[in-house]
Amino acid sequence: TVTFTATVAVDAGFAKPPGSVSFLNGSTILATVALDADGKATYATSTLPIGTNSITVSYAGNDDYAASVSSVLSQVINKVATTTVLTAVPNPSSLGQSVILTATVTPSLSGYTAPTGTVQFLSGTTVLGTGTLGADGKATLTVSTLAVGTQSLTATYQGDTNNATSTSTAVSQVVNK
């Protein structure tokens, strides 16, 4: 949630202006809010789009007070950070045995839009495959082609409209003969 406060100021000795102000993002009116006894209005929102928003406040004025418009405030809205956690079961495994890789992607803000999209699973820099996130925030991939030895496995969430990319810490998968 971002909170904006506007103040319509007048010269000393004059009464505070009556009426309301409109909060705008570019030319789109976000809200019209009444001025309080101090000539201030507050507007809070959590629905601004990702990117740079050009916020202004407009006071229409009346017979006694001139209209005015604030300068532009650039409000940047970033994608929500995510955390990706990778598990591999079973670990250790045997050569040719199926290993189920599960990536769980969680947004940093509770109650926020669940991440959607895909997760890429890697062994070192080799792509093993991709999985699609379900409603539970999990993607899976079953692999049976891991080489003997210790493999460094990671999962990279590709991000979506609202959620940022993230990569898991490496899981050391031991593959025995």
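**Exercise 1. Decide whether Thr-56 is buried or exposed in this predicted model, and list its contacts.**

Solution.
- Step 1: Begin with the accessible area. Thr-56 has a relative accessible area of 12%.
- Step 2: Apply the cut-off. Buried means under 20%, so Thr-56 is buried.
- Step 3: Place the residue. Thr-56 belongs to strand β5, which spans 51–59.
- Step 4: Collect the partners. Setting aside residues up to four places away in sequence, Thr-56 touches Ser-22, Phe-23, Leu-24 and Gly-26. Its other contacts are Val-69, Ser-70, Ser-71 and Val-72.
- Step 5: Relate some partners to strands. β2 covers 20–25, and Thr-56 touches Ser-22, Phe-23 and Leu-24.

**Exercise 2. Describe where Ala-67 and Ala-15 sit, and find how exposed each is.**

Solution.
- Step 1: Locate Ala-67. The loop between β5 and β6 (68–69) holds this residue.
- Step 2: Classify Ala-67. Exposed means over 50% relative accessible area; Ala-67 has 54%, so it is exposed.
- Step 3: Look at its surroundings. Beyond residues up to four places away in sequence, Ala-67 is in touch with Tyr-59, Ala-60 and Gly-61.
- Step 4: Compare sequence and space. Gly-51 is 16 residues from Ala-67 in sequence, and their C-alpha atoms are 29 Å apart.
- Step 5: Turn to Ala-15, in the loop between β1 (2–7) and β2. Its relative accessibility is 51%, so Ala-15 counts as exposed.
- Step 6: Add the contacts and a distance. Ala-15 touches Val-10 and Tyr-65, residues up to four places away in sequence not being counted. Between Ala-15 and Asp-63 there are 14 Å from C-alpha to C-alpha, with a separation of 48 residues in sequence.

**Exercise 3. Work out which residues touch the most other members of the largest nonpolar core, and which strands supply the core.**

Solution.
- Step 1: Start with the members. The largest nonpolar core has 18 residues, and Leu-86, Leu-101, Val-119 and Phe-121 touch the most other members.
- Step 2: Assign the strands. At least two residues each come from β8 (82–89), β10, β11, β13 (138–143), β14 (149–157) and β16 (171–176). β10 gives the most, with four residues.
- Step 3: Zoom in on Leu-101. Neighbours within four places in sequence left aside, its contacts include Leu-86, Phe-121, Leu-128, Leu-141, Val-143 and Leu-153.
- Step 4: Look for a second core. Apart from the largest one lies another core of 16 residues, among them Phe-4, Val-8, Phe-23 and Ile-77.
- Step 5: Set this in context. In soluble globular proteins, nonpolar side chains tend to be buried together.

**Exercise 4. Follow the contacts of Val-80 to a nonpolar surface patch.**

Solution.
- Step 1: Place Val-80 in the loop between β7 (73–77) and β8. With a relative accessible area of 7%, Val-80 is buried.
- Step 2: List its partners. Residues up to four places away in sequence aside, Val-80 touches Pro-107, Ser-108, Leu-109, Tyr-112, Asn-162, Asn-163 and Ala-164.
- Step 3: Add a distance. Val-80 and Asp-160 are 80 residues apart along the chain, yet their C-alpha atoms are separated by 9.9 Å.
- Step 4: Pick out Leu-109 and Tyr-112. Together with Ile-50, they make a nonpolar surface patch of about 240 Å².
- Step 5: Check Leu-109. This residue lies in the loop between β10 (99–107) and β11 (118–123); its relative accessible area is 45%, so it is partly exposed.

**Exercise 5. Find which peptide bonds between Val-89 and Pro-92 are described as cis.**

Solution.
- Step 1: Take the bond from Val-89 to Pro-90. This bond is cis, with omega near 0°.
- Step 2: Move along to Asn-91 and Pro-92, which a cis peptide bond joins at an omega of about 10°.
- Step 3: Locate the prolines. Pro-90 is in the loop between β8 and β9 (93–94), and Pro-92 is in the loop between β8 and β9.
- Step 4: Compare with the general pattern. Most peptide bonds are trans.

**Exercise 6. Characterise the overall form of the chain from its radius of gyration and box.**

Solution.
- Step 1: Count the elements. The chain has 16 strands and zero helices.
- Step 2: Compare radii. The chain has a radius of gyration of 26 Å, while a compact globule of 177 residues would have one near 16 Å.
- Step 3: Consult the box. Along the principal axes, the C-alpha atoms fill roughly 90 × 25 × 20 Å.
- Step 4: Finish with burial and surface. Of the 177 residues, 36% count as buried. The accessible surface comes to about 9800 Å², with 52% belonging to carbon and sulfur atoms.

Definitions and conventions
Residues are numbered from 1 along each chain as its sequence is written. This is a predicted model: local features need pLDDT of at least 70, side-chain atom pairs count only at pLDDT 80 or more; totals for chains, interfaces and linings use all residues. Side-chain values use heavy atoms; hydrogens and water are left out. Patches are made of residues with over 30% relative accessible area and no salt bridge: like charges are joined within 9 Å, nonpolar side chains (Val, Leu, Ile, Met, Phe, Trp, Tyr) within 5 Å. Accessible areas come from the Shrake-Rupley method with a 1.4 Å probe; for residues, only the protein chains shown count as cover. A salt bridge is a side-chain nitrogen of Lys or Arg within 4 Å of a carboxyl oxygen of Asp or Glu. Buried means under 20% relative accessible area, exposed over 50%, partly exposed in between (1.4 Å probe, protein chains only). A nonpolar core is a set of buried Ala, Val, Leu, Ile, Met, Phe, Trp, Tyr and Cys residues joined through side-chain atoms within 4.5 Å. Contact means heavy atoms within 4.5 Å. The radius of gyration is taken over C-alpha atoms; the globule rule is 2.2 Å times the number of residues to the power 0.38.
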